Amino acid sequence: MAKQPMLKFVDVAREMPAKRDASVRRTDFDEIYAEYADAKAKEQSARCSQCGVPYCQSHCPLHNNIPDWLRLTATGRLEEAYEVSQATNTFPEICGRICPQDRLCEGNCVIEQSGHGTVTIGSVEKYITDTAWEKGWVKPITPAQERTESVGIIGAGPGGLAAADMLRRAGVQVTVYDRYDRAGGLLTYGIPGFKLEKDIVTRRNDQLEQGGVRFVLNCNVGEDLSFEEIRAQHDAVIIATGVYKSRDLGGPGAGAKGIVRAIDYLTASNRASNFGDSVPEFDSGELNAKDKKIVVIGGGDTAMDCVRTAIRQGATSVKCLYRRDRANMPGSQREVQNAEEEGVQFEWLTAPKGFKGEPVSAVIVEKMRLGQPDATGRQRPEVIEGSDYDEPADIVIKALGFEPEELPTLWGCPELEVTRWGTVKAEFTSGRTALPGVYAIGDIVRGASLVVWAIRDGRDCVEAVLQDMAAKAAVAAE
């Protein structure tokens with residue numbers, strides 16, 4: 001009887017791919033983890049317990065068939081593993097790099113809960129698809145039959161691109177409109193290269209373009225092209241703009257020069273460091289941390305991207321202010337650990353009260369303590385009176401999260417219904433809005449969320465679009 005290839009978690013320890021030393025990786029924007037070798041990918045996949053109720057799968061927004069592609073990897077059937085992975089996830093090599101697995105699949109792994117250390121699901125997922133690209137298993141988009149219907153997608157982020165991919169595979173004609181000069185949204189300009197090298201995103205963009213997706217870039221809807229013009233050109237429109245309006249700070253001196261938005265800072269860095277673009281604000285030092293004291297305000301993944309970027313740009317000091325403690329941070333604990341290794345200092349239970357100088361020279365910081373739980377169950381931060389101190393800063397980066405832009409106003413479309421939070425009113429499962437033929441997906445519906453949820457929404461929405469097209473064709477035939 002052949003030896004069972006799985007269930008090796010008792011004998012084989014959890015092992016991540018090798019991580020480059022912090023003293024080296026803080027000098028460049030390359031990804032910090034190496035790739036698994038084939039034998040190591042098999043070994044780590046074989047730790048999976050193949051449990052009867054796979055919590056890893058149920059806690060993945062895409063419900064990826066994780067146990068099956070781990071078993072296929074462990075038994076050397078890597079091309080089949082890729083096919084299973086790709087069946088539910090449009091961009092598995094991207095999710096393998098940037099998903100917060102510690103909060104999703106890996107965090108809910110049965111053997112993690114039993115104390116044996118989770119299966120390294122994200123690293124294996126990345127390895128499978130990187131190998132598929134290398135071996136030529138990733139096939140071009142070739143619809144079995146072309147269709148006459150067309151769909152316009154506003155926003156070239158992960159949700160919009162996932163929808164474009166599935167629509168083209170169904171033969172639908174697709175045009176994607178985006179305000180930036182490169183497709184990818186936050187994958188391109190918001191996430192630093194040390195988490196997601198840009199050739200990974202460019203490769204997918206190229207695949208879509210070669211598969212017949214038409215990109216209209218540098219296009220601001222409402223200015224360069226009206227929303228109604230886009231609707232008139234297509235049988236359906238999918239709104240996938242994401243949320244780009246930054247939450248702001250108040251307090252004395254909040255308008256001082258040198259207090260910048262995280263999205264502006266990260267975009268300038270990605271353009272200059274990863275694409276080699278000429279960026280005046282970066283070259284002048286306005287959005288460049290070199291030789292400066294940097295203070296980042298916020299505790300999410302965007303804040304982690306900012307502090308780790310500042311380290312690589314050569315800041316003299318990088319501090320992160322967060323009003324709760326480490327255990328209550330919304331960002332990935334893995335990212336916090338990486339940041340600490342690279343030299344970032346975290347000031348827990350602190351919040352900005354105001355700012356000094358013009359341009360800014362210091363943040364007035366007040367210390368906090370955790371009080372009674374709020375409506376969400378989290379302990380509410382309370383100010384400790386008389387605890388103020390000044391934290392020197394040459395650049396202050398606001399990483400407080402994102403909110404929706406006022407699309408009905410920007411697009412001159414008051415009939416586009418939004419919620420009291422400014423998100424577009426749409427069905428979560430289908431993306432359908434109250435406007436005929438108009439759908440909305442991703443963050444512009446959910447609020448700021450994860451890339452994997454945007455991909456899920458894009459895929460679900462395409463199913464609804466195709467159903468609605470079929471129903472319309474049936475009515476026309478009658």
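This is a walk through two sheets, several helices and a pair of individual residues in the structure above. Keep in mind as you look that the model is predicted.

Let us begin with the sheet that holds strands β1 and β2. Five strands make up this open sheet, and reading across it you meet β3, β2, β1, β4 and β16 in that order, with parallel pairing. At its edges lie β3 (214-216) and β16 (438-440), each of which pairs on one side only. Ignoring direction, neighbouring strands here are turned against each other by 20 degrees on average.

Now zoom in on β2. Strand β2 covers residues 173-177, and four of its five residues are buried, so the strand is largely enclosed by the rest of the structure. On one side β2 pairs with β1 (residues 150-154), in the parallel sense, over five bridges. If you want a landmark for that pairing, find S150, whose bridge partner in β2 is Q173. Strand β2 is also joined to β3, again running parallel, by three bridges. Here T175 is a handy place to look, as its bridge partner in β3 is R214. As you follow any of these strands, it helps to remember that side chains in a regular strand alternate between the two faces of the sheet.

The structure has another open sheet of five strands to visit, this one in the order β6-β14-β7-β8-β9 and with parallel pairing. Its edge strands are β6 (259-261) and β9 (345-348), and each of them pairs on one side only. From one strand to the next, the twist averages 25 degrees.

Within this sheet, β7 is a good strand to study. Four of the five residues of β7 are buried, so this strand too is described as largely enclosed by the rest of the structure. Strand β7 (residues 293-297) runs parallel to β8 (residues 317-322), and five bridges join the two. Two positions help you line them up: I294 has V318 as its bridge partner in β8, while V296 stands opposite C320 in β8.

Which helix lies across β6 and β14? That helix is α13 (residues 262-274), and it runs at about 75 degrees to β6; the β14 strand it covers spans 395-398. Helix α13 also has a helical neighbour. Two packed helices are described by the angle between their axes and the distance between the axes. For α13 and α15 (residues 301-313), the axes come within 10 Å and cross at roughly 45 degrees. That makes α13 oblique to α15, and the crossing by which α13 passes α15 is left-handed. On the α13 side the contact is made by A262, Y265, L266 and S269, and on the α15 side by T302, D305, C306, T309, A310 and Q313. Sorted by class, this contact has five nonpolar, four polar and one charged residues.

Next, turn to a helix well inside the structure: seven of the nine residues of α4 (residues 66-74) are buried, so α4 is largely enclosed by the rest of the structure. The buried residues are I66, P67, W69, L70, L72, T73 and A74. They pack against α2, α3 (55-58), α5 (78-88) and α8 (121-135). After α4 comes G76, with a positive phi near 80 degrees.

We can finish with two single residues. The first stop is R26, in the loop between α1 (22-25) and α2 (38-45). Is R26 buried, partly exposed or exposed? Its relative accessibility is 31%, so R26 counts as partly exposed. Setting aside residues up to four places away in sequence, R26 touches I311, R312, E342 and G343. One of these partners shows how the chain brings remote parts together: R26 and G343 are 317 residues apart in sequence, yet 8.7 Å apart in space from C-alpha to C-alpha.

The other stop is D457, a residue of helix α19 (residues 451-477). With a relative accessibility of 5%, against a cut-off of under 20% for buried, D457 counts as buried. Leaving out neighbours within four places in sequence, D457 is in contact with F428, I441, G442 and R446.

Terms used:
Residues numbered from 1 in each chain as written. Predicted model: local features only at pLDDT ≥ 70, side-chain atom pairs only at ≥ 80, totals over all residues. Heavy atoms only, no water. Pairing = 2+ DSSP bridges. Axes fitted to C-alpha atoms, helices over the stretch in contact; angles between N-to-C directions. Contact = heavy atoms within 4.5 Å. Parallel < 35°, antiparallel > 145°, perpendicular 65-115°, else oblique. Left-handed = near helix turned anticlockwise from the far one by under 90°. Nonpolar A, V, L, I, M, F, W, Y, C, P; charged D, E, K, R; others polar. Buried < 20%, exposed > 50% of the residue type's maximum accessible area, 1.4 Å probe, protein only.
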